[in-house]
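Trainee: I should like to learn how to read the features of a protein model in an orderly way. May we go through one together?

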Amino acid sequence: MSDVFLMYFQKLELHGFKSFAQNTVLDFQRGVSAVVGPNGSGKSNIADAIRFVLGEQSMKSIRSKKGEDLIFSGSTGKSRMNVASVAMYFDNQDKIFPFDFETVIVKRKIFRDGENQYYINDSQVRLKDVAELIAKARLGLRG
């Protein structure tokens, strides 16, 4: 019999990521959540943001050619941004992640010069640390 792990994804914060110029917070309630909307409303960008924050390195997998494409490029009413960030909040009351925090926050920032920064609960870490955390929590391709 295999172990069953239940993970509760609480919230996704996007700022300057693709079409999300303003700080956008998506709160997810326990149970099933769905993102719906008309074509062009950013649904696919939300899926891309989740891949991005979890450490995806293939720009093709995030529907981009280069990292700079992930940063809001401006519009008639809003200037282009120089950084994009995505943060994912997980409920950790069941200690799925090996931390003594009730909430685990994984965050990634990308800058126009191509630099990426990774954070776990506001502490800057390496991509390798995020990848190990995701693996330990059994998130990812086999999770």
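Trainee: Where is lysine 95 found?

Mentor: The model before us is predicted. Lysine 95 is located in the loop that runs between strand 3 and strand 4. Its backbone deserves attention: lysine 95 has a positive phi of about 55 degrees although it is not a glycine.

Trainee: Does lysine 95 count as buried, partly exposed or exposed, and why?

Mentor: Such a reading rests on relative accessible area: under 20% is buried, over 50% is exposed, and partly exposed lies in between. Lysine 95 counts as partly exposed because its relative accessibility is 42%.

Trainee: Which other residue has a positive phi although it is not a glycine?

Mentor: Aspartate 122 is one such residue, with a positive phi of about 70 degrees. Aspartate 122 sits in the loop between strand 5 (116–120) and strand 6 (123–125). With a relative accessibility of 65%, aspartate 122 counts as exposed.

Trainee: Let us turn to asparagine 92. Where is it found, and why does it count as buried?

Mentor: Asparagine 92 belongs to the loop between strand 3 (83–91) and strand 4 (103–111). Asparagine 92 counts as buried because its relative accessibility is 0%.

Trainee: What lies 3.0 Å from a polar atom of the side chain of asparagine 92?

Mentor: A polar contact is a pair of N or O atoms within 3.5 Å. Here the partner is the backbone oxygen of phenylalanine 101, at 3.0 Å from a polar atom of the asparagine 92 side chain. Leaving aside residues up to four places away in sequence, asparagine 92 touches Phe97, Phe99, Phe101, Glu102, Thr103 and Val104.

Trainee: How many helices and strands does the chain contain, and what pattern does it follow?

Mentor: The chain contains two helices and six strands. Their order along the sequence is β-β-α-β-β-β-β-α.

Trainee: How does the radius of gyration of the chain agree with that of a compact globule?

Mentor: A compact globule of 143 residues would have a radius of gyration near 15 Å, and the chain has 15 Å, so the two agree. Along the principal axes, the C-alpha atoms fill a box of roughly 55 × 35 × 25 Å.

Trainee: What share of the residues is buried, and what share of the contacts joins residues 24 or more positions apart?

Mentor: Buried residues make up 36% of the 143 residues. Among contacts with a separation of 6 or more, 52% come from residues 24 or more positions apart. As for the surface, the chain exposes about 9,000 Å², of which carbon and sulfur atoms supply 48%.

Terms used: Residues numbered from 1 in each chain as written. Predicted model: local features only at pLDDT ≥ 70, side-chain atom pairs only at ≥ 80, totals over all residues. Heavy atoms only, no water. Helix = DSSP H or I, 4+ residues; strand = E, 2+ residues; numbered from the N terminus. Rg over C-alpha atoms; globule rule 2.2 N^0.38 Å. Buried < 20%, exposed > 50% of the residue type's maximum accessible area, 1.4 Å probe, protein only. Contact = heavy atoms within 4.5 Å. Areas by Shrake-Rupley, 256 points an atom, 1.4 Å probe, with all protein chains shown as cover. Polar contact = N/O pair within 3.5 Å; in protein donor to acceptor, adjacent residues only side chain to side chain.
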